[in-house]
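Colleague: Please take a close look at one strand of this model and how it sits among its neighbours. A single connected account would be best.

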Amino acid sequence: MAKKDLFFLKEDFIILRDAVKELEDKIIKLGKEQGIAAAQSTENFGHDDACQEVIYDERRVVISRLNEMRPIFNHAKIITPIPPSDKVRFGSIVELSNGRTYQIGSYFILAHHTTKNISYNSPLGQKLISKEVGDEVVHNGTIITIISVK
């Protein structure tokens with residue numbers, strides 16, 4: 001992942017932070033379980049080590065997921081939406097001609113928001129940023145007009 005800031009609304013950042021902490025705690029717990037399973041395996045030398053292998057595999061999956069999330073967390077920046085303007089920007093609520101209304105939000109949408117959120121980094125989010133009421137964007141072969149920006 002490129003070393004660039006990734007913007008998050010506060011509520012999404014809190015969920016990301018908690019998810020990283022949960023994965024870190026799970027790795028520690030599985031490490032302890034793996035140690036116990038290894039000790040039991042040594043006591044029962046020559047018998048099936050399936051329990052130890054299952055814990056090892058689960059721990060490997062959790063470590064992989066944490067390795068994916070850490071760079072995102074490390075480059076996450078909390079952005080407070082600024083008051084409405086005529087242009088679409090981070091935090092804007094945009095009403096479109098296709099009948100949909102979106103808030104331009106975090107790099108990852110994690111929290112439950114009152115308005116449907118799309119990431120500023122999504123294909124549609126990137127097309128909408130800096131546009132104004134009346135501007136058109138083409139998304140998935142459809143022309144969409146910006147009706148309002150709040």
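Modeller: Val94 has Val149 as its bridge partner in β7. The model is a predicted one, and the strand to follow is β3. Its pairing with β7 is antiparallel and consists of three bridges. β3 also runs antiparallel to β4, again joined by three bridges, and there the partner of Val94 is Tyr102. Val94 therefore has a bridge partner in β7 and one in β4, where a pair of strands is counted from at least two bridges.

The link from β3 to β4 is a hairpin with four residues between the strands. Gly99, in the turn, has a positive phi of about 90°.

The side chains of β3 alternate. Val94 and Leu96 point to one face and are buried, whereas Ile93 and Glu95 point to the other face and are not buried.

Leu96 leads on to the largest nonpolar core, which has 31 residues. Together with Phe8 and Leu128, Leu96 touches the most other members of that core. The elements giving two or more residues to this core are β1 (6–8), α1 (10–43), α2 (50–74), β3 (93–96), β4 (101–105), α3 (123–128) and β7 (142–149). The largest share, seven residues, is from α1.

Leu128 can be followed back to the strand. Leaving aside neighbours within four places in sequence, Leu128 is in contact with Leu96, and also with Val88, Ile104, Ile118, Val137 and Ile146. As a general matter, nonpolar side chains in soluble globular proteins tend to be buried together.

Conventions: Residues are numbered from 1 along each chain as its sequence is written. This is a predicted model: local features need pLDDT of at least 70, side-chain atom pairs count only at pLDDT 80 or more; totals for chains, interfaces and linings use all residues. Side-chain values use heavy atoms; hydrogens and water are left out. A nonpolar core is a set of buried Ala, Val, Leu, Ile, Met, Phe, Trp, Tyr and Cys residues joined through side-chain atoms within 4.5 Å. Buried means under 20% relative accessible area, exposed over 50%, partly exposed in between (1.4 Å probe, protein chains only). Contact means heavy atoms within 4.5 Å.
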